[in-house]
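Thanks for coming, everyone. I'd like to walk you through one model today, starting with a helix and working outwards from there.

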Amino acid sequence: MLEQLPLARSTVDRDAAARVRPDLLTESWGAAGTRVVLVHRARLAAAVDGLDLTAAADLDLEPPTTGTLHYLGRDESGAYLSWVLPDDVAREADLEGVPVHPEARLVAAATWRGLREIGDTLPARDAGLATAAVALAEWRERHVRCPRCGESTQLVEAGWVAQCVADGSLHYPRTDAAVIMTVQDAAGRLLLGHAAHWPERRFSTLAGYVEPGENLEAAVRREVAEEVGLVVDRVTYRGSQPWPFPASLMVGFDAWLGDGVPDIVQVDGVELTEARWFTPDELAADVAAGRVLLPPRSSIALALIEEWFGGPLAP
């Protein structure tokens, strides 16, 4: 079983029961020990050794009225909030050209990094906070209107629920289940594919979304059949982790094929443009020589590949 997947690590209690308190965000902002995860354009304010967790008191601001606040939970040291700063916060300036919003100074002062880029280097506490913060930011950006009537929504329950201003219906952050799998033949070779939209030489495991009315194992078999025309004999679960780009939960499997697998695999030509078999020695040599580029270390794809390989593969 895969352990300690980068974005599946967390130490902070989400404290979900507290979200129904109407003044939770205001109270938390003013409480000693509260720290804030800053998010801007889906990137995070980062420090050398983790997130740049700014104490709310040090921001020297009242609870913000611009951007979006979400309550992320608490631990023994205090509460954690995420503050999603507006995309255009630095555009409005005074006659001297100085931004009029104090949030603009935060944007200018911070070092902004993407979760894909730093997710594997963050300590467990920060990895959990960062993943939740980015997931909530991505959800809110894409779901500002009621799916029932089209009216606008406002956030309630400390930023975890969107309520329609017209009919009062409640709408929750969505999570899209996706399967991702190694495909291995009876000889132990690994099949990796190149997606049409990827950079040249990038290879990874196969993956796809779970369809309505479909279980996870069936999705594995269907995706392999659709993308490379192979029939899966056996499926084993390996682990899962959130992937908030924008809202996936990646569920990892090993898919084993039976005998009689062709050496040359026919791809669908739409999602995949190439698929190749690798032995461990072949993959190690191609990676070392730069002929194959692997997924980022924050992904479950690389964890699955390295589990099959039996150790780290240097990018």
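Let's begin on the outward side of helix α2, where R105, A108 and A109 are exposed. Please keep in mind that this is a predicted model. Now turn to the other side of the helix, which covers residues 102-109: here E103, A104, L106 and V107 are buried. Looking down the axis of α2, you'd see these buried residues fall within an arc of 155 degrees, so they line one face of the helix. What lies over that face? The cover for the buried residues of α2 includes three strands: β1 at 35-40, β6 at 78-85 and β7 at 112-114.

Let me zoom out for a moment. The protein chain has 315 residues, and 47% of them count as buried. Its secondary structure comes to seven helices and 16 strands. If you take the C-alpha trace along its principal axes, the span is about 70 × 45 × 40 Å. The exposed surface of the chain is about 15,500 Å², with carbon and sulfur atoms supplying 50% of it.

On contacts, take those with a sequence separation of 6 or more: 62% of them are between residues 24 or more positions apart. On charge, there are 28 positive and 47 negative side chains in the chain, yet the centres of the two sets lie 1 Å apart.

Now for a second helix, α7, at residues 300-309. Is α7 mostly covered or mostly open? It's mostly covered, with seven of its 10 residues buried. Those buried residues are I300, A301, L302, L304, I305, E306 and W308. Notice that a glutamate, E306, is in that buried set. As for what covers the buried residues of α7, the list includes the strands β11 (176-184), β12 (190-195), β14 (232-243), β15 (248-257) and β16 (272-278), and also helix α6 (280-289).

Stay at the end of this helix, please, since there is an aromatic pair to look at. The ring centres of W308 and F309 are 6.5 Å apart and the planes are at 45 degrees, so this pair is tilted. How do the two residues sit with respect to the surface? W308 has 13% relative accessibility, so it counts as buried. F309, with a relative accessible area of 25%, is partly exposed. Right after α7 comes G310, with a positive phi near 100 degrees.

A little further along, in the segment after α7, we reach P312. P312 has 69% relative accessibility and therefore counts as exposed. For a sense of distance, compare it with A18: the two are 294 residues apart along the chain, and their C-alpha atoms are separated by 41 Å.

Back to the aromatics. How many aromatic pairs are there? The count comes to five. One of them is F203 with F278, an edge-to-face pair with 6.2 Å centre to centre and 75 degrees between the planes. F203 lies in the loop between β12 and β13 (206-209), while F278 is in strand β16, so the pair ties together parts that are 75 residues apart in sequence. Both F203 and F278 are buried. Remember that β16 is also among the elements covering the buried residues of α7.

I'll finish with some backbone details. The peptide bond from F245 to P246 is cis, with omega near 10 degrees. Where does P246 sit? It lies in the loop between β14 and β15, and these two strands also help cover the buried residues of α7.

The other spot to check is the loop between β1 and β2 (43-47), which holds R41 and also A42. R41 is not a glycine, yet its phi is positive, about 55 degrees. A42 has a positive phi as well, near 65 degrees, and it too is a residue other than glycine. Are these two buried, exposed or somewhere in between? R41 is partly exposed, with a relative accessible area of 48%, and A42 is also partly exposed, at 31%. That brings us back to where we started, as β1 is one of the strands covering the buried residues of α2.

That's my tour. Thanks for listening!

Notes: Residues numbered from 1 in each chain as written. Predicted model: local features only at pLDDT ≥ 70, side-chain atom pairs only at ≥ 80, totals over all residues. Heavy atoms only, no water. Helix = DSSP H or I, 4+ residues; strand = E, 2+ residues; numbered from the N terminus. Buried < 20%, exposed > 50% of the residue type's maximum accessible area, 1.4 Å probe, protein only. Contact = heavy atoms within 4.5 Å. Areas by Shrake-Rupley, 256 points an atom, 1.4 Å probe, with all protein chains shown as cover. Lys, Arg positive; Asp, Glu negative; His and termini not counted. Charge placed at Lys NZ, Arg CZ, Asp CG, Glu CD. Arc of directions from axis to C-beta. Phe/Tyr/Trp six-rings, centres within 6.5 Å; stacked < 30°, edge-to-face > 60°.
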